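Could you walk me through this structure while I have it open in my viewer? I would like to know what to select at each stop and what there is to look at once I get there.

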Amino acid sequence: MRLTSRVAPAVLAVAALLLGVLPAQAQAHRDRDRAPDRVTVGDRTFIADGQGRALQWRGFNLADKSSRGTNAFADIHESDLKDMAARGFNLARLAFFWDDLEPTPGHYDRGYLTKMRRILDWANRHHIKVILDAHQDVYGPHFGSRGVPDWATRDEGLPFWPIPDDWFSEYFEPSVQTAFDHLYKDADLRAAHARMWMTVASALGRHPALLGYDLMNEPFAKFLEGEDLPTAAARFEATELTELWNRLARAIRLVDHRSWVFVEPTVIVGIGVPTQMGHIDDPHAGYAPHFYETAMETGADYDPNGTFIPAYEAAISDYPTRNRMPLIVGEWGGNPYVPHASQFVTDMTASLDRFSSGWTWWQWCRGGGYCFLDQTGAAKPNAQLLVQPYAQAVAGDPLKFAYDPAARAYTLTFRTRRNAEGPTRITVPRDAYPDGYRVDIQGSKASWDDHGQTVTVSTHGRAGATYRVTISPR
């Protein structure tokens with residue numbers, strides 16, 4: 001029977017009562033006693049677990065851009081996840097490519113999804129959560145890269161000239177910008193983009209290792225006549241990009257109500273320009289900007305006296321603060337062999353501790369460039385500085401946390417909260433303290449225990465009590 005508009009609300013209300021669905025006021029009252037799905041402390045928001053603990057994340061990007069088709073993900077192995085976990089990391093951002101997933105319109109490669117699920121299985125086995133990143137560089141294979149399929153590329157016949165020595169400049173070519181413009185505006189491409197994400201979420205959304213979805217890597221747009229980069233980025237973020245994120249999030253919610261959706265601003269935040277994105281109307285939306293030092297990206301050394309980090313922090317914090325969104329930096333990194341690489345890693349990790357709840361370095365791989373490991377599989381000396389203690393789960397509100405690499409001392413200050421249960425769990429990687437460590441706790445009625453690479457701190461005082469935990473070399 002088709003319900004009329006007048007009858008339907010009454011029938012639905014009765015059905016809600018019969019099914020035990022609480023009225024809004026009673027539901028809100030009960031929610032106050034439940035563990036929250038996020039915790040906001042001052043200007044910063046953290047994802048919370050089922051016990052109401054504020055969670056923090058450290059990890060790496062996993063990306064195999066060279067293997068395609070039947071060889072997709074060939075360079076990603078279970079040992080990668082195992083080695084990450086052995087060093088204390090708990091998050092991986094896994095790049096996948098739409099051009100591999102849907103090589104022809106409407107035909108999805110189920111073997112590709114099976115390989116993604118296998119990597120999630122490995123991650124779950126080693127207690128690592130995964131963010132699935134729909135990666136694109138310079139739009140896709142039509143322009144010699146990876147990302148959006150060739151069949152979903154409309155460049156209006158405009159020419160494209162590769163720039164091998166400065167690939168990012170290829171984003172500014174009219175043909176590439178035109179392709180992005182059609183993706184955002186053409187009804188059939190918009191629908192295909194949404195269906196792609198629904199396919200991924202339907203296949204993998206229930207996996208226990210899945211944290212969420214990064215909806216598109218480093219989105220770009222078409223410049224209008226007379227626009228410079230800041231003007232074009234502000235217009236695009238406020239209009240088409242906000243609409244894109246909301247549209248894709250709505251599509252995912254048709255099949256997955258649990259996982260987080262992570263949205264990115266344009267890369268202009270990297271030069272200290274705040275995003276103009278609007279509100280993402282989703283209950284589990286997170287912010288996933290990138291954090292690259294522009295000069296280092298063009299081959300320069302890190303300048304310890306430069307203004308990059310304070311400018312970035314000032315630009316990045318406003319949007320997630322206003323929207324109470326957890327912030328996990330999806331990509332950051334640099335050449336670990338430049339003269340000031342050690343100071344770069346030290347300054348960047350300290351900065352990330354000030355404004356984010358987590359990060360993934362680009363990338364976990366063996367070899368040159370930004371790889372964490374050298375060809376032998378050993379951590380590069382300066383990249384090894386990424387291996388630090390951190391609080392994976394805080395039973396309360398994290399007020400302050402920092403690591404002093406010179407003293408190798410980690411300090412966490414937190415305040416207990418009534419709807420946060422279980423112990424606080426601090427990861428203490430063996431590589432950071434090869435000769436052992438000591439734990440000091442300031443605060444009443446607290447105890448701690450050592451479980452391999454994890455220190456658990458149990459508090460037995462009243463809610464609202466403050467504790468200070470310090471971990472230092474033995």
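## Stop 1: Asp99 and its surroundings

Start by selecting Asp99, which sits in helix H4, the run of residues 98-101. Keep in mind as you go that this is a predicted model. Is Asp99 buried or exposed? With a relative accessibility of 11%, Asp99 counts as buried, because the cut-off for that label is under 20%.

Now show side chains around Asp99. Its side chain makes a polar contact of 3.0 Å with the side chain of Arg146. Setting aside residues up to four places away in sequence, Asp99 touches Arg68, Pro141, Arg146, Gly147, Val148 and Pro149.

Stay with Arg146 for a moment and add Phe97 to the selection. Arg146 lies over the face of Phe97, at 4.3 Å from the ring centre. Arg146 thus appears twice at this stop: in a polar contact with Asp99 and over the ring of Phe97.

## Stop 2: the hairpin of E1 and E2

Next, select residues 38-41, which are strand E1, and residues 44-47, which are strand E2. How many bridges join E1 and E2? There are four, and the two strands pair in the antiparallel sense.

You can check the register pair by pair. Arg38 has Ile47 of E2 as its bridge partner, and Val39 stands opposite Phe46 in E2. Two residues lie between the strands of this hairpin, and Gly42 takes a positive phi near 65 degrees there.

Then turn E2 around to view both of its faces. Arg44 and Phe46 lie on one side, Thr45 and Ile47 on the other, and all of them are buried, so both faces of the strand are covered.

## Stop 3: His284

From here, select His284, in the loop between strand E8 (260-263) and strand E9 (285-287). His284 is buried, at a relative accessible area of 15%.

Which residue shares a side-chain polar contact with His284? Bring up Asp37: the side chains of His284 and Asp37 are joined by a polar contact of 3.0 Å. His284 also links back to the previous stop, as Arg38 is one of the residues in contact with it. Leaving aside neighbours within four places in sequence, the other contacts of His284 include Arg253, His257, Arg258, Ser259, Trp260 and Val261.

## Stop 4: Phe172 and the aromatic cluster

Colour the aromatic residues now. The structure holds 39 aromatic pairs. One aromatic cluster is formed by Tyr139, Phe143, Phe160, Trp167, Phe168, Tyr171, Phe172, Phe180, Tyr184, Phe220, Phe223 and Phe236.

Pick Phe172 out of that cluster. Phe172 lies in the loop between strand E6 (129-134) and helix H6 (174-185). At a relative accessible area of 35%, Phe172 is partly exposed. Apart from residues up to four places away in sequence, Phe172 touches Gln177, Phe220, Phe223 and Leu229. For a distance to try in the viewer, go from Phe172 to Asn217: their C-alpha atoms are separated by 17 Å, and the two residues are 45 residues apart along the chain.

## Stop 5: the four-stranded sheet

Switch to a cartoon view and find the open sheet of four strands with the order E14-E15-E20-E17, paired antiparallel. Why do E14 and E17 each have a side without a neighbour in the sheet? Strand E14 (397-404) and strand E17 (437-442) stand at the edges with a single partner strand each, so one side of each is left free of a sheet neighbour. From one strand to the next, the twist averages 10 degrees.

Zoom in on E14 and E15 (residues 409-415), which pair in the antiparallel sense over seven bridges. Within that pairing, Ala402 has Thr411 of E15 as its bridge partner.

## Stop 6: the five-stranded sheet and Gly464

Last, move to the open sheet of five strands, ordered E3-E13-E16-E19-E18 with antiparallel pairing. Its edges are strand E3 (54-55) and strand E18 (446-451), each with a single partner strand. E18 and E19 (residues 454-459) run antiparallel and are joined by six bridges, and Asp450 has Val455 of E19 as its bridge partner.

Follow the chain out of E19 to Gly464, in the loop between E19 and strand E20 (466-473). Gly464 counts as partly exposed, at 34% relative accessibility. Beyond residues up to four places away in sequence, Gly464 touches Arg415 and Thr416. The C-alpha atoms of Gly464 and Arg415 are separated by 5.6 Å, although the two are 49 residues apart along the chain.

Conventions: Residues are numbered from 1 along each chain as its sequence is written. This is a predicted model: local features need pLDDT of at least 70, side-chain atom pairs count only at pLDDT 80 or more; totals for chains, interfaces and linings use all residues. Side-chain values use heavy atoms; hydrogens and water are left out. Buried means under 20% relative accessible area, exposed over 50%, partly exposed in between (1.4 Å probe, protein chains only). A polar contact is a pair of N or O atoms within 3.5 Å; within protein, one must be able to donate a hydrogen and the other to accept it, and residues adjacent in sequence count only if both atoms are side-chain atoms. Contact means heavy atoms within 4.5 Å. Two strands pair if DSSP finds at least two bridges between them. Axes are lines fitted to C-alpha atoms, for helices over the stretch in contact, and angles run from 0 to 180 degrees between N-to-C directions. Rings of Phe, Tyr and Trp (its six-membered ring) pair if their centres lie within 6.5 Å; planes under 30 degrees apart count as stacked, over 60 as edge-to-face and the rest as tilted. A charge sits over a ring if NZ of Lys or CZ of Arg is within 6 Å of the ring centre and within 35 degrees of the ring normal.
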